[in-house]
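Got your viewer open? Load the model and follow along, one selection at a time.

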Amino acid sequence: MQAATVFKVACLMVIAVVGTSCAPVDAPVEESAGTTADADDAPALQVCYDRGMEAVENGDWETARDAFSAGLEIAPSSPAILFHVARTSARLGDTEACRTHLEQAIRLGATTDLAADEAYADVINLPEFQDLAQRLLVNGAPQPAAEIIHEFADAELWPEGIAYDSATGDIYVGSIHRRAIYRLTPGGSVEELGTSSKDGLMEVLGIWVDADRRTLWAATGEGEFREPLDGPPRRNELVRYDLVTARLNGRWPIPDDELRLLNDVATGPDGTAWATDTVRGELFRVGPDDELELFHRYPDLVFLNGIAVSPDDGAIYLGHFAGLSVVSPEDGSIDEIEGLDMALGMVDGLSYAAGRLVLVQNSHRVNFRVVRVDLADDDLEAEHLEILPSGLPEGLIPYTSAVADDSVVVVAASFFELMDRGEVPPAPVVARMPLDP
């Protein structure tokens, strides 16, 4: 894939999914609520966002606020949408509405620099907004540092996926740029498992190790996935490796009848592999019979990304722009996970750990954090959110995670836009943080 297409993949993961920017984190940005291949088939949240942004471009603040407010009814815990409502309220001189929505963003754990945003120019000097500005900055204070357990020599690896093998202690990392999968041994060596030249791999996104069955699954692809197409439509493929022989032993091309972005993968207790399609909100599966099928489509899950599966009952957890959902593997029925007045969306990586979920929220709106969410017994309610010590070296942000015994390992890399600009990024790393800090 050309660098420009890699940039689109990466930035749509980072900008569109979570409302951050491939620019420096202190630069003013406008975030997107997601992406869709067909405006006529867009999720309601996407429609609200697009209408709001069009009105912003036209300076029609009233229409913009109405559109963003409608979006907030769909995604009430979205810091990105909350900030848009606050910004447009400030433009309209409605200081009370602006203050109310900023207060809500603070409770969610969101952060922004009011003084750096011209939308708040008329309110920033008011005493109550000075207080709000300070509290928002406190939410953005540096996280306690994570332990760096490996720094890659290849700064241009551009890793996105990570997986842990509980049987051996090996950590696997997938590379977008090198189109390869690497194995990091407990002793510190790095070996190639699969590459483009050896196995015809495309860009590697999400990966998952099924330790019981000694297999590794990877979501791969290349090409365009967003209209208007600048080149051939994206090809997507789910692949599987045998970890005993280190050989590719299965590949499943995803149908190209629609634009798709195969993004993340995990297996269930019966060995079924589940994979997310980010563009159309689809869930694919490969069952024990090795047959690929489109299991279900969830068009209202804007920018569906991370996936985790309970090893007990096979419940499927999905991370997306607006929050977390849980899906029945039997009939595809879906419920939202609620219970906390905290931001649970903007998820890239998602992992499951004995009734708890680990979320990688790589958005500047929530300070590029990794959090642990404790679930109630019914798995439909979040009882507690704990921010893990996820501070990283300058210039790196977390992408995905894997649970490794009593800790979490996270792959961190630079903003992928640097690849498109031909700049050499800071070296990517694997970091470790305790599940119970």
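Before the first stop, one cut-off: contact here means heavy atoms within 4.5 Å. Keep in mind, too, that this is a predicted model.

**Stop one: a helix with two faces**

Select residues 127-139, which make up helix α6. Its 13 residues reach 19 Å from the first C-alpha to the last, close to the 18 Å expected at 1.5 Å a residue. Now show side chains for Phe129, Leu132, Ala133 and Leu136: these residues of α6 are buried. They sit on the same side of α6, because the arc they cover around the axis is only 100°. The spacing rule behind this is a familiar one: an α-helix has 3.6 residues a turn, so residues three or four places apart point the same way.

What covers that buried side? Add α4 (79-91) and α5 (95-108) to the selection; both are among the elements covering the buried residues of α6. Then spin round to the face turned away from the buried side, where you'll meet the exposed residues Pro127 and Val138.

**Stop two: an open sheet**

Next, pick out β2, β3, β4 and β5, which form an open sheet in that order, with antiparallel pairing. β2 (159-164) and β5 (190-195) stand at the edges with a single partner strand each, so one side of each has no neighbour in the sheet. From one strand to the next, the twist averages 25°.

Zoom in on β3 (residues 171-175) and β4 (residues 180-184): this antiparallel pair is joined by 5 bridges. To find one of the partnerships, click isoleucine 171 and look across to leucine 184 in β4.

**Stop three: another open sheet**

Switch to the 4 strands ordered β1-β24-β23-β22, also an open sheet with antiparallel pairing. Here β1 (147-151) and β22 (397-404) are the edge strands, each pairing on one side only. Ignoring direction, neighbouring strands of this sheet are turned by 25° against each other on average.

Along β22 and β23, which run antiparallel, you can trace 7 bridges. Look for valine 403, which stands opposite valine 408 in β23.

**Last stop: a serine in a loop**

Follow β23 (407-413) towards α8 (417-420) and stop in the loop between them, at serine 414. Is serine 414 buried or exposed? Its relative accessible area is 3%, so serine 414 is buried. Who surrounds it? Leaving out residues up to four places away in sequence, serine 414 touches Trp158, Gly395, Leu396, Tyr399, Pro425 and Pro426. Finish on glycine 395, whose backbone oxygen lies 3.4 Å from a polar atom of the serine 414 side chain.

Key: Residues numbered from 1 in each chain as written. Predicted model: local features only at pLDDT ≥ 70, side-chain atom pairs only at ≥ 80, totals over all residues. Heavy atoms only, no water. Helix = DSSP H or I, 4+ residues; strand = E, 2+ residues; numbered from the N terminus. Expected span 1.5 Å × (residues − 1). Buried < 20%, exposed > 50% of the residue type's maximum accessible area, 1.4 Å probe, protein only. Arc of directions from axis to C-beta. Polar contact = N/O pair within 3.5 Å; in protein donor to acceptor, adjacent residues only side chain to side chain. Pairing = 2+ DSSP bridges. Axes fitted to C-alpha atoms, helices over the stretch in contact; angles between N-to-C directions.
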